[in-house]
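Visitor: I'm new to reading protein models. Could you walk me through one?

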Amino acid sequence: MTASHGAARAWDAGTHGRSLLDRICADAPRLLSPAGLLLVVHSGLCGTDETLRAAGLHAGVSERARVPFGPVSRRRRDWLCARGLLEPAAVHEELVVVRARRP
């Protein structure tokens, strides 16, 4: 089940986990002030740094941490394995902090 609103929505953003993240990436170049900075924390499986670079920002992963799967990753385990994003024996995922700014 996907959360539809509130704090739970921040942890479970749709069937593919990207419904809110893609909106943030698309809007960030327009919303950031010239000296503004965007920090996004999420699963390393998302590739947000690449999406933000494609949107015209300077972006990259600034921090990484390996953590046990949370409830969303556990629920999506079969889906992630079927797409080759996880090994079947995986019990941890990488969390990343993506830092993005205007050029």
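Visitor: Let's start with one helix. Which residues of α2 are buried?

Guide: Keep in mind that this is a predicted model. An α-helix has 3.6 residues a turn, so residues three or four places apart point the same way. In α2, the buried residues are Leu-21, Cys-25 and Ala-28.

Visitor: What do the buried residues of α2 pack against?

Guide: Let's follow Cys-25. Leaving out neighbours within four places in sequence, Cys-25 is in contact with Thr-48, Thr-51, Leu-52 and Ala-55, and helix α3 covers residues 48–54. Taken together, the buried residues of α2 pack against β1 and α3.

Visitor: How far apart are the end C-alpha atoms of α2?

Guide: You can work out what to expect. The helix α2 has 13 residues, and at 1.5 Å a residue they should span 18 Å. The model agrees, because the end C-alpha atoms of α2 are 18 Å apart.

Visitor: Where in α2 is there a kink?

Guide: Look for the proline Pro-29 and go back a little along the chain. The kink comes shortly before that proline and is about 25°. The residue where it lies is Cys-25.

Visitor: Is Cys-25 buried or exposed?

Guide: Anything under 20% relative accessible area counts as buried. Cys-25 has a relative accessible area of 1%, so Cys-25 is buried.

Visitor: How far is Cys-25 from the nearest cysteine sulfur?

Guide: The structure holds 0 disulfides, and Cys-25 is in none. A disulfide needs two cysteine sulfur atoms within 2.5 Å. For Cys-25, the nearest cysteine sulfur is that of Cys-46, and the distance is 9.0 Å.

Visitor: How does Cys-46 count at 21% relative accessibility?

Guide: Buried stops at under 20%, exposed starts over 50%, and in between is partly exposed. Since Cys-46 has 21% relative accessibility, it counts as partly exposed.

Visitor: How many residues make up the largest nonpolar core?

Guide: In soluble globular proteins, nonpolar side chains tend to be buried together. Here the largest nonpolar core includes Leu-21, Cys-25, Leu-52 and Val-98. The elements giving two or more residues to this core are α2, β1 and β3. In all, the core has 12 residues.

Visitor: Is Asp-49 buried or exposed?

Guide: Asp-49 sits in helix α3. Not counting neighbours within four places in sequence, Asp-49 is in contact with Ala-59, Gly-60, Val-61 and Val-98. Its relative accessible area is 14%, so Asp-49 is buried.

Visitor: Which side chain does a polar contact of 2.7 Å join to that of Ser-73?

Guide: Ser-73 is in helix α4, and it is buried because its relative accessible area is 10%. Setting aside neighbours within four places in sequence, Ser-73 is in contact with Leu-80 and Glu-93. The polar contact of 2.7 Å joins the side chain of Ser-73 to that of Glu-93.

Visitor: How far apart in space are Gly-36 and Arg-101?

Guide: Gly-36 lies in the loop between α2 and β1, and at 15% relative accessibility it counts as buried. Beyond residues up to four places away in sequence, Gly-36 touches Ala-100, Arg-101 and Arg-102. Gly-36 and Arg-101 are 65 residues apart in sequence, yet C-alpha to C-alpha they are 6.2 Å apart.

Visitor: To finish, in what order do the elements of the protein run?

Guide: The protein has 5 helices and 3 strands. From the N terminus on, the order is α-α-β-α-β-α-α-β.

Definitions and conventions. Residues are numbered from 1 along each chain as its sequence is written. This is a predicted model: local features need pLDDT of at least 70, side-chain atom pairs count only at pLDDT 80 or more; totals for chains, interfaces and linings use all residues. Side-chain values use heavy atoms; hydrogens and water are left out. A nonpolar core is a set of buried Ala, Val, Leu, Ile, Met, Phe, Trp, Tyr and Cys residues joined through side-chain atoms within 4.5 Å. Buried means under 20% relative accessible area, exposed over 50%, partly exposed in between (1.4 Å probe, protein chains only). Helices (H or I, at least four residues) and strands (E, at least two) are DSSP runs, numbered from the N terminus. Contact means heavy atoms within 4.5 Å. The expected span of a helix is 1.5 Å times one less than its number of residues. The bend at a residue is the angle between axes fitted to the seven residues ending there and the seven starting there. A polar contact is a pair of N or O atoms within 3.5 Å; within protein, one must be able to donate a hydrogen and the other to accept it, and residues adjacent in sequence count only if both atoms are side-chain atoms.
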